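Me: I should like to learn how to read the features of a protein model, one at a time. May we begin once the structure is in view?

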Amino acid sequence: MIPRIYIPGDSGALALGAEKVAKAIASELAERGIEAKIVRNGSRGAYFLEPMVEVATANGRVAYGPVKPSDVKGLFDSGFLTGGHHRRWLGTPDKIPFLAKQTRLTFARCGVTDPLSLESYKKHGGLNGLTNALALTPAAIVAQVTESGLRGRGGAGFPTGIKWKTVLDTVGDRKYIVCNADEGDSGTFADRMIMEGDPFVLIEGMTIAGIATGATKGFVYVRSEYPHAVAVMNKAVEVARKAGVLGASVLGSPYAFDMEIRVGAGAYVCGEETALLDSLEGKRGMVRAKPPLPAHKGLFGKPTVINNVISLASVPVIMDKGAAYYKDFGMGRSRGTIPIQIAGNVKYAGLFEAAFGMTLGEIVDEIGGGTATGRPVKAVQVGGPLGAYFPRTLFDTPFDYEAFAAKDGLIGHAGIVVFDDTADMLKQARFAMEFCAIESCGKCTPCRIGSTRGVETIDKLAAGIEPEKNLALVTDLCNTMKFGSLCALGGFTPYPVMSSITHFPDDFKPAPVRVAAE
Ligand SMILES: Cc1cc2nc3c(=O)[nH]c(=O)nc-3n(C[C@H](O)[C@H](O)[C@H](O)COP(=O)(O)O)c2cc1C
Ligand code: SF4
């Protein structure tokens, strides 16, 4: 049997040098006259170990990482094709602590399979969910998804089954499934990882959504900053079409479903579902007032399901193993697993899929290993640029939608960004207002004008000008934005601002030093 070498083609791994490693391995193979198959797999998400190269041996896969091109000769000399020891040797990938502690349901195949091989996908349980769904009525599929407790992973945590039922129950000559792959939140990369590492799971999830709701066409709206994901998704759609997974007769059934990949133009607000629909229709992305809900009147005025990549990619495992199996993981009303993306100033950055319920402290200190700088953790922003900053005193908060809301925070798309004690929370609060001012679609006044006034007022605070009055003004502005904005961009910007003021008051005190520095 010719040896198989797995080298991630994932853009995170590429950014860390995977392409150079692949070239070095290919030329070493040629030089030594060894025949081997190189598979460009996805990443398993342990980015601190990327580029992580794996070889398939008689005793299973053996990993090495992080591999540099200069390591390659030594790896061959150490017999890495048969799992030989080397200083980069990591052993069985599944036993690497960061990976061993995870519960991989949605990401079960990511980094394991060849992303564009349907055979490899099927060998690892792919298409079981779709096959099971085809044996059910649309209403029974929707019931399974509802029963699983799956909630939208894009940010709002809305129950997926209820959204699907609304579309199923709405009459329309044409219905659509739109996948939100805009992934604009800071510190998030789960959507990208799955699109690059296991694209068929998203295709399968969207196809199930189509069959369940009566939609025959799907669109994946991917941000332009993800060229690798776009390329992989386009190829995977082609493969799926050729194999009859997509098309006029899904897996030989009476159901038709096909899909296209569309690329956004780079606006954070185009991740908001109605602005996304405008953008997909070829217009400038502006938030639409609701009602009507997209489920009633969405893309081109037709009933539309809009779901995040991870929501849709979680459906195949639910349809494969059953709603009860999925629901068994998690806590409270947060059921199943969530891919937590650990980023920022952290030692072990990466994607960690786990059942809901771990505390923030466990995630940051135990899984993330604390800061990369070795300094104390000061704050953790959870849920992207609109998420609150959590201080260490709130590290006992379990990862659960309701528990985070109770602490004036949000889980969002489950990205967490870690900051050490050098972070200046006044600057972070200013950044939140500035981000909102830049990204605002401009439709409503609290967001469009409020964010600019917010930047100016925080600048006055930084300069030590009338601190009490200006702090009260920022608070008042936040209340206006929170309750008066049309969408969550203006409505949630107060979260990072107010959490900074509440939990880190010292950073907002008049500081003559700060005035001098400005
Ligand atoms: C300003 C803004 C940006 C958003 N960006 C994204 C995004 O990048 N990806 C995403 O899935 N949802 C995003 N959302 C949430 C979507 O509006 C919507 O709730 C989501 O696509 C629904 O899918 P889900 O139910 O599967 O989460 C954003 C919302 C707002 C207000
Ligand atoms: S809150 Fe901001 S982004 Fe949302 S609709 Fe209003 S102006 Fe547009």
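**Reading the sheet**

Reply: Let us start with a single pair of residues: in β5, W89 is the bridge partner of Y64. Please keep in mind that the model is predicted.

Me: How do β4 and β5 run where bridges join them?

Reply: As a general idea, the strands of a sheet pair through backbone hydrogen bonds, either parallel or antiparallel. Here, strand β4, residues 60-64, is joined to β5 by two bridges, and these strands run antiparallel.

Me: In what order do the five strands of the open sheet lie?

Reply: The order is β2-β1-β3-β4-β5, and the pairing is mixed. At the edges stand β2 (37-39) and β5 (89-91); each has a single partner strand, so one side of each is left without a neighbour in the sheet. From one strand to the next, the twist averages 25°.

Me: Which strands does helix α2 touch where it packs on the sheet?

Reply: Helix α2, residues 18-32, touches β1 (4-6), β2 and β3 (53-57). The direction of α2 makes about 175° with that of β2.

**Reading the backbone**

Me: Where is the peptide bond cis, and what is omega there?

Reply: The angle to read is omega. For the bond from K290 to P291, which is cis, omega is near -5°. The bond from P291 to P292 is also cis, with omega near 5°. P291 lies in the loop between α12 (273-280) and β9 (304-308), and P292 is found in that loop between α12 and β9 too.

Me: What is phi in L251, a residue other than glycine?

Reply: Phi of L251 is near 50°, a positive value. L251 is found in the loop between α11 (227-242) and β8 (258-263). A second case is E466, which is not a glycine and yet has a positive phi of about 35°. E466 has its place in the loop between α19 (445-462) and α20 (467-484).

**Reading accessibility and contacts**

Me: Are L251 and E466 buried, partly exposed or exposed?

Reply: The idea is to compare relative accessibility with two cut-offs: buried means under 20%, exposed means over 50%, and partly exposed lies in between. L251 has 35% relative accessibility and therefore counts as partly exposed. E466, at 46%, also counts as partly exposed.

Me: Is S440 buried or exposed?

Reply: The relative accessibility of S440 is 17%, so S440 counts as buried. S440 has its place in the loop between α18 (425-439) and α19.

Me: What does the side chain of S440 reach, and which residues does S440 touch?

Reply: One may look at the polar contact, then at the other neighbours. The side chain of S440 reaches the backbone nitrogen of G442 at 3.1 Å. If residues up to four places away in sequence are not counted, S440 touches C447, R448 and L489.

**Reading a pocket**

Me: What is the volume of the largest pocket, and which residues are closest to its centre?

Reply: A pocket may be read by its volume and then by its lining. The largest pocket has a volume of about 1300 Å³. It is lined by 50 residues, of which G154, G155, A156, E273 and A488 are the closest to its centre.

Me: Which element supplies the largest share of the lining of the largest pocket?

Reply: That share, five residues, comes from β9. At least two residues of the lining are supplied by each of α8 (160-169), β9, α17 (401-406) and α21 (488-492).

How values were computed: Residues numbered from 1 in each chain as written. Chains lettered and ligands numbered in written order. Predicted model: local features only at pLDDT ≥ 70, side-chain atom pairs only at ≥ 80, totals over all residues. Heavy atoms only, no water. Pairing = 2+ DSSP bridges. Helix = DSSP H or I, 4+ residues; strand = E, 2+ residues; numbered from the N terminus. Axes fitted to C-alpha atoms, helices over the stretch in contact; angles between N-to-C directions. Contact = heavy atoms within 4.5 Å. Buried < 20%, exposed > 50% of the residue type's maximum accessible area, 1.4 Å probe, protein only. Polar contact = N/O pair within 3.5 Å; in protein donor to acceptor, adjacent residues only side chain to side chain. 1 Å grid on protein atoms, 1.4 Å probe; cavity = no way out; pocket = protein on both sides within 12 Å on 5 of 7 lines; lining within 4 Å. Points joined across faces, edges and corners; volume = space filled by probe spheres on them.
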